[in-house]
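User: Please take a close look at one part of this model. I should like a connected account of how that part is put together and what lies around it.

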Amino acid sequence: MRPLRTFRPASARSVPDSAHLTEVVEKCVADALASASAVVLAVSGGRDSMVMLEAAARVAPRSVSAVATFDHGTGRWAKNATALVAERARELGLEVVRERVQLPGRSEAEWRRFRLDFFDRVARARHAVVVTAHTLDDQIETILMRILRGSGARGLAALEAPGGTLRPFLGISRELVARYAAARAVAWLDDPSNWSRRYLRNRVRHDLLPALTRARPALPEELLIVGQRAASLRDEVERVLDTLPGMATGSRGVTVARSSFEGYDPRSLALLWPAIAGRGGIALDRRGTERLCQFTMNGSSGRRIQLSGGLEALIHRGSLIVRPSPEAATGVTAARPLADGVRLGRWVFRRSSGRAHGEGGWTAALPLDVALTVRTWQPGDRMVPAGSATPRRVKGLLRDAGVDGPSRHGWPVVLAGSEIVWVPGVRRALAATEQAGRPSAPYISERLDS
């Protein structure tokens with residue numbers, strides 16, 4: 001467990017005089033960069049990142065594999081800022097990697113996703129570690145924002161969360177970085193969007209946090225302690241996961257043996273599940289975590305639930321599986337007109353040149369005098385199979401055909417008007433079979449592996 005540090009808010013910390021100021025800031029950078037053989041500096045052109053660039057070039061230039069700067073495509077400032085970064089980096093003898101987004105984002109979240117993806121690509125190509133210029137004040141703001149969003153312990157660690165990014169300024173204030181910029185005459189550009197109350201962080205930075213601090217001067221220090229304790233708790237949880245049996249992660253989510261959760265209560269599960277999901281590249285929100293914990297305790301084999309963010313959880317053969325739902329992963333819509341070549345999830349439908357017959361229900365002769373649509377099956381769907389006089393639940397038809405629980409999700413059904421007439425690979429209704437004197441179109445359905 002990492003030891004708790006004693007923090008003092010930026011307004012109360014003593015600031016070194018100019019004689020020691022540069023030494024303090026540059027030592028933070030030197031110490032951070034010494035932990036990696038190669039780094040990529042993520043530099044926006046703002047004051048904090050330009051200070052990081054300046055300090056790194058002075059104390060550890062050989063560690064810097066590249067300076068990465070990203071134009072969000074938001075206007076003149078973004079263009080000028082990346083130009084400033086490129087010019088200064090080259091003056092300092094450092095290589096620059098510069099990219100401009102092709103389709104500008106419309107929100108902070110999109111800008112952040114584009115930017116982080118770029119930095120990650122540059123670092124992976126160079127086997128390097130990304131370095132950012134987040135300060136102690138950024139950590140305070142982030143913790144408060146996470147509290148407002150109802151984050152759990154995992155989220156409250158904020159910028160101190162374990163990860164591959166280096167943040168040399170996380171222990172010093174924004175004020176100290178500003179004084180270094182003045183002392184070293186660092187050139188930088190102020191992003192005008194930093195003052196827009198349209199964004200939550202700016203409202204927190206300029207309005208909410210100052211007001212709360214006036215009412216409770218110790219609040220910044222208290223928030224930092226919350227973040228440090230949350231980070232320590234995250235460390236402990238990760239160690240538990242290292243010994244958790246029956247867990248597997250992959251590109252399609254996480255699988256955990258249900259027996260691994262024996263003896264855990266809902267509060268313990270609420271700590272474990274976000275970390276387990278995180279190892280599979282999945283982010284759970286508070287509601288999703290609560291629902292998943294209840295499902296872990298009370299769900300029965302074969303059941304499935306939907307979680308927010310396009311996720312699903314299911315219990316199959318003694319394992320709990322959390323993964324993106326097929327609809328979210330493939331962009332499946334609720335219903336679409338059936339036509340030659342149409343694709344729904346992992347299924348493709350094609351007009352056939354032969355007759356619609358054969359075993360297994362992969363072909364059908366569909367009527368031409370009514371609108372044909374295809375969608376994924378839903379609980380409660382029914383169909384009257386050919387040769388039967390009573391409707392059957394589609395779920396039961398899938399089960400009888402040997403389609404297991406996980407595979408049923410996203411399985412298509414074809415409708416003639418409002419009536420289900422074909423469950424591909426399973427059964428056909430009478431209306432989906434060849435009949436003398438009735439115009440029809442032969443279709444074949446194929447299930448793709450990818």
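Analyst: **A helix pair and its surroundings**

Where H2 and H3 meet, Met50, Leu53 and Glu54 of H2 contact Leu84, Val85, Arg88 and Ala89 of H3; contact means heavy atoms within 4.5 Å. Helices (H or I, at least four residues) and strands (E, at least two) are DSSP runs, numbered from the N terminus.

The model is predicted, with local features requiring pLDDT of at least 70 and side-chain atom pairs counting only at pLDDT 80 or more, while totals for chains, interfaces and linings use all residues. Residues are numbered from 1 along each chain as its sequence is written, and side-chain values use heavy atoms, with hydrogens and water left out.

The axes of H2 and H3 lie 11 Å apart, and the two helices pack at an angle of about 10°. That angle makes H2 roughly parallel to H3. Here an axis is a line fitted to C-alpha atoms, for helices over the stretch in contact, and angles run from 0 to 180 degrees between N-to-C directions. Angles under 35 degrees count as roughly parallel, over 145 as roughly antiparallel, 65 to 115 as roughly perpendicular, and the rest as oblique.

H3 covers residues 76-91, and its end C-alpha atoms are 23 Å apart; this agrees with the 22 Å that its 16 residues should span at 1.5 Å a residue. The expected span is 1.5 Å times one less than the number of residues. Just after H3, Gly93 adopts a positive phi of about 80°.

The residues of H3 that are buried are Trp77, Ala78, Ala81, Thr82, Leu84, Val85, Ala86 and Ala89. Buried means under 20% relative accessible area, exposed over 50%, and partly exposed in between (1.4 Å probe, protein chains only). Leu84, Val85 and Ala89 thus appear both among these buried residues and in the meeting with H2. The cover over the buried residues of H3 includes helix H2 (47-59), strand E2 (64-71) and strand E3 (96-100).

The largest nonpolar core has 35 residues, and those with the most contacts inside it are Leu33, Leu41, Val67 and Phe169. Two or more residues each come from helix H1 (18-33), strand E1 (39-42), H2, E2, H3 and helix H7 (174-183). H2 gives the most to this core, with 7 residues. Such a core is a set of buried Ala, Val, Leu, Ile, Met, Phe, Trp, Tyr and Cys residues joined through side-chain atoms within 4.5 Å. In soluble globular proteins, nonpolar side chains tend to be buried together.

Leu33 touches Val39, Ala56, Ala60, Ser63, Val64 and Val131, leaving aside residues up to four places away in sequence. A second, separate core has 29 residues, including Leu372, Val414, Ile420 and Tyr443.

These details sit within a protein of 14 helices and 20 strands. Of its 450 residues, 46% count as buried. Among contacts between residues at least 6 apart in sequence, 70% join residues at least 24 apart.
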